[in-house]
Amino acid sequence: MDVKRRKFLKIAGLSAVAGVAAPSAFNMLLKGDAVASSGGGHAEKTENTGHAAKAEPKGIQYGLVIDVKKITHTKGLAEKCIDACHTEHNVPDFGNPKDEIKWLWVDDYEHSFPEHSHHQKNDALHEMQFMLLCNHCEKPSCVRACPTKATFKNKDGIVMMDYHRCIGCRFCMAACPYGARSFNWRNPREQYANGNFKFYKKPLNPEFPTRMRGVVEKCNFCAKRLSKGMMPSCVEACGNTGAMVFGDINDPKSEISKVLRENYTIQRKPASGTYPSVFYII
Amino acid sequence: MLEKALSGKSGYWAWILFLLGMISIGGLFYVYQYINGLGVTGMSRDVSWGLYIGQFTFMVGVAAGGVMLVLPYYIHDYKAFGKITILGEFMAIAAIAMCIMFITADLGQPLRILNVILHPTPNSMLFWDMLVLNGYLFLNVIIGWVVLNSEYKDVPPPKWTKPLIYLSIPFAVGIHTVTAFLYCGLPGRHYWLTAILAPRFLASAFAAGPSLLLLIALLLKRVANFDAGDKAIQKLGTIITYAALLNFFFLGLEFFVGYYSQLPGHMHTLDYLFFGLHGYDNLVAPMQFSVFIGMTATILMLFPQFKKSHRNLAIAAGMIFTSLFIDKGVGLVLGGFVPNPFERVTEYYPTVPEIAIVLAVWSAGALILTVLYKIAVTVKNQNA
Ligand code: SF4
Ligand code: SF4
């Protein structure tokens with residue numbers, strides 16, 4: 001460390017104490033991935049243009065590539081994926097939009113990529129089904145906002161939720177630019193008279209806990225299945241259509257890296273600077 | 001000193017009983033919400049914060065506004081505020097107590113609130129907000145009580161209160177700045193993502209807090225035989241005028257940036273709040289009303305002849321307070337959520353339980369304020 005840098009850090013530290021936003025102290029504050037850093041290679045990034053602008057990646061960062069054409073053109077595939085996800089994770093269905101909880105859902109182009117502008121839109125684009133979910137961002141703003149570390153980033157880049165730690169402040173919902181988080185406004189474990197939970201269409205999956213009311217939840221990239229060497233449920237539901245490819249985007253030899261190199265992909269809201277790990281081929 | 005709160009005329013007790021009644025009604029609704037979850041409110045997946053957080057934000061401002069008395073009195077030795085500085089400090093206590101109640105009402109898991117302390121998370125602005133809010137509350141409780149107690153005993157306040165008083169000044173600015181940071185550090189929410197949010201918050205706080213104080217001071221003159229003095233009242237009016245002017249100037253800057261740049265994200269919320277967006281216009285009437293009454297009152301206050309009459313002052317302060325209440329307590333939070341970041345609009349309607357709980361928190365704040373002011377006024381009148 002040369003003298004100049006040390007001096008700078010000293011000043012930065014002092015100003016931090018004084019409550020002034022010195023850049024270095026601020027970066028420390030912003031380390032959203034306080035629990036488990038995925039390598040800390042973020043500082044070198046200069047542009048918010050997505051993964052392309054990033055310096056040498058370190059550590060694992062799981063990601064997902066979604067081939068929108070394949071999803072749209074294989075009839076019923078989107079619904080199958082959603083069903084697989086929601087069944088696997090006991091996602092309740094309250095039957096009204098106000099209390100809705102969703103981990104994986106579809107929307108049209110306009111409302112998935114509101115910042116992309118077009119003139120005379122490509123006809124095919126109108127009917128495309130975009131599968132939306134938590135992007136497991138590399139610099140997740142939800143993790144930065146959570147006051148209890150109930151939302152945290154895993155070593156493998158997955159943004160996880162600790163339902164028992166969550167105080168239900170919903171700060172993370174305000175912070176996520178993708179609307180990827182849902183809150184249990186009501187008790188998902190409300191029971192029917194005959195002892196069955198009311199808001200689950202299917203028998204419960206005993207492998208995954210149900211939640212209580214008052215906590216936030218979202219997609220977790222099927223962290224539990226990954227630990228058993230399985231693929232995420234939605235990816236499995238796609239079978240060999242190749243509509244979804246999952247893997248470590250930091251490993252140049254992985255299949256997903258190959259797909260990313262060979263195709264033109266877009267991410268949602270790259271200007272948010274969160275570096276989403278979900279990519280769309282359109 | 002506390003016993004001073006226990007004797008009063010029948011009007012005093014009727015008021016206390018009324019407040020207790022409101023608190024019990026809201027309390028019952030809170031129990032209902034506690035049992036059934038936040039589903040009983042009008043909030044939804046898109047609009048995930050509503051009245052509670054809006055009111056919280058506004059009350060932080062009222063609390064911070066107390067500093068507009070502390071600063072001239074202690075730093076510039078402005079004697080005219082001698083009688084009412086304590087009222088400012090006590091108002092801050094009541095306002096912060098309300099903030100804490102609003103936050104608690106808004107939590108999905110209120111019993112876990114200690115997690116914020118057990119797992120300190122410096123990257124979260126909420127953590128810092130908790131620190132400054134509690135710090136400010138603590139400072140005001142100590143300072144207010146000790147200073148008043150000394151007055152009661154007719155001795156000068158102990159020396160050690162001075163540094164605490166000076167410390168309370170940056171804390172007042174801090175609570176509202178950090179509360180603005182809760183909003184303006186979030187990507188994807190254009191209405192909040194503006195560097196002028198903290199200045200806007202402070203300007204509106206320095207108008208809203210003193211407005212409330214002015215109203216209370218005029219009320220105390222009538223009901224409690226406590227005269228703050230015309231000089232102090234006029235000065236408060238001046239402070240309110242300039243803070244409100246700044247507030248509307250800052251609002252104008254937001255309009256310029258939004259509409260001159262023509263950036264859709266920056267325009268959408270302003271469109272929704274002030275003119276209606278795709279036929280959704282729930283908040284247009286209140287927001288236009290807010291700007292209208294706020295600006296009218298501010299302009300009137302610029303005329304010295306208008307300001308001379310206490311009745312005029314009370315009306316103008318009431319208008320400014322209402323204006324800022326609508327703007328910050330309702331529009332600010334909803335504006336950030338209702339047009340969601342995906343160009344969809346989900347409107348929000350507060351429910352009966354939600355409104356009852358909000359009224360109960362206001363009543364609880366008023367109760368704290370009444371009791372504290374009762375003590376302060378009795379002590380002051382005794383020594384006068
Ligand atoms: S998509 Fe939203 S919830 Fe998911 S990691 Fe990114 S910011 Fe967090
Ligand atoms: S709602 Fe839960 S997960 Fe979200 S920020 Fe609050 S504590 Fe963290």
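Student: Which residues does A:Tyr280 touch, not counting residues up to four places away in sequence?

Tutor: A:Tyr280 touches A:Ile66, A:Val68, A:Phe113, A:Phe130, A:Met131, A:Leu132, A:Leu133, A:Tyr264, A:Thr265, A:Ile266 and A:Arg268, where contact means heavy atoms within 4.5 Å. This is a predicted model, where local features need pLDDT (the predictor's confidence in each residue, from 0 to 100) of at least 70, side-chain atom pairs count only at 80 or more, and totals for chains, interfaces and linings use all residues. Residues are numbered from 1 along each chain, chains are lettered from A and ligands numbered from 1 in the order written, and side-chain values use heavy atoms, without hydrogens and water.

Student: Why is the set of 196 residues called a nonpolar core?

Tutor: Its members are buried (under 20% relative accessible area, 1.4 Å probe, protein chains only) Ala, Val, Leu, Ile, Met, Phe, Trp, Tyr or Cys residues, joined through side-chain atoms within 4.5 Å, so the set meets the definition. A:Met244, A:Tyr280, B:Tyr183 and B:Trp192 touch the most other members, and α8(B) gives the largest share, 15 residues.

Student: What makes the second largest pocket, with about 970 Å³ of space, a pocket?

Tutor: On a 1 Å grid, a pocket is an open set of points where a 1.4 Å probe fits, with protein on both sides within 12 Å along at least five of seven lines, so this space qualifies. Of its 34 lining residues (an atom within 4 Å of a point), those closest to the centre include B:Trp15 and B:Leu219.

Student: How do you know that chain B is predicted with confidence?

Tutor: Its mean pLDDT is 93, and 99% of its residues reach 70 or more.

Technical notes: Buried < 20%, exposed > 50% of the residue type's maximum accessible area, 1.4 Å probe, protein only. Helix = DSSP H or I, 4+ residues; strand = E, 2+ residues; numbered from the N terminus.
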